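Here is a short walk through one structure, with a stop at its core, a helix pair and a couple of loop residues. Have the viewer open as you read.

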Amino acid sequence: MVGLAALVLLAAAQPLPTAASAPVTEQARRIFEKDWVLMNWALKFYDTDRDILLEPGEAEAAAQAFRTMADANHDGRVTTDEYRAAREFILARY
Ligand SMILES: [Ca+2]
Ligand SMILES: [Ca+2]
């Protein structure tokens with residue numbers, strides 16, 4: 001969990017990538033590959049072409065949305081607690 005939170009923090013610190021192969025997109029994708037709750041949520045709302053795959057652009061959009069949702073105190077970072085709370089929120093609501 002700590003490693004994953006660090007990944008989210010790292011991704012949040014990066015500016016928006018201009019290329020689809022930017023490292024931040026790869027990180028965004030790993031967040032969802034590691035956690036089926038987030039993956040289901042991301043596919044439900046961000047799989048825009050409905051192929052049940054999260055393409056780099058879709059993963060980036062979903063990760064951005066998740067960070068916005070999870071960052072409860074709006075300090076631009078997602079702590080482990082914030083991550084856990086957001087995950088539980090998604091699990092309960094979606
Ligand atoms: Ca897709
Ligand atoms: Ca925060």
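Is the crossing of H3 and H5 left-handed or right-handed? Bear in mind that this is a predicted model. In it, H3 and H5 cross in the left-handed sense.

**The H3 and H5 pair**

In general, you describe two packed helices by the angle between their axes and the distance between those axes. For H3 and H5, the angle is about 60 degrees and the axes are 10 Å apart. Angles of 65 to 115 degrees would count as roughly perpendicular and those under 35 degrees as roughly parallel, so H3 ends up oblique to H5.

Who does the touching? On the H3 side, Val37, Leu38 and Trp41 make the contact, and on the H5 side Arg87, Ile90 and Leu91 do. Sorted by character, the residues of this contact are five nonpolar, no polar and one charged.

**A closer look at Val37**

Val37 belongs to helix H3. Once you set aside its neighbours within four places in sequence, Val37 is in contact with Arg87, Ile90 and Leu91. Take Leu91: Val37 and Leu91 are 54 residues apart in sequence, yet their C-alpha atoms are 6.4 Å apart in space. Is Val37 buried, then? A residue needs 20 or more other C-beta atoms within 10 Å to be buried, and 12 or fewer make it exposed. Val37 has 14, so Val37 is partly exposed.

**The core**

Now for the largest nonpolar core, which has 17 residues. Phe32, Leu38, Ala42, Ala59, Ala62, Ala63 and Phe66 are the ones that touch the most other members. The elements giving two or more residues to this core are H2 (23–34), H3 (36–46), H4 (56–70) and H5 (80–93). H4 supplies the largest share, five residues. Leu38 is worth a second look, as Leu38 turns up in this core and also in the contact of H3 with H5.

**Two loop residues with positive phi**

Finally, swing out to the loops, where two residues other than glycine have a positive phi: Ile52 and His74.

| Residue | Where | Phi | Other C-beta atoms within 10 Å |
|---|---|---|---|
| Ile52 | loop between H3 and H4 | about 60 degrees | 7 C-beta atoms |
| His74 | loop between H4 and H5 | near 55 degrees | 7 C-beta atoms |

Which side of the cut-off do they fall on? Residues with 12 or fewer such neighbours count as exposed, so Ile52, with 7, is exposed. His74, also with 7, is exposed.

Notes:
Residues numbered from 1 in each chain as written. Chains lettered and ligands numbered in written order. Predicted model: local features only at pLDDT ≥ 70, side-chain atom pairs only at ≥ 80, totals over all residues. Core = buried A, V, L, I, M, F, W, Y, C linked by C-beta atoms within 7 Å. Helix = DSSP H or I, 4+ residues; strand = E, 2+ residues; numbered from the N terminus. Axes fitted to C-alpha atoms, helices over the stretch in contact; angles between N-to-C directions. Parallel < 35°, antiparallel > 145°, perpendicular 65-115°, else oblique. Left-handed = near helix turned anticlockwise from the far one by under 90°. Contact = placed C-beta atoms within 7 Å. Nonpolar A, V, L, I, M, F, W, Y, C, P; charged D, E, K, R; others polar.
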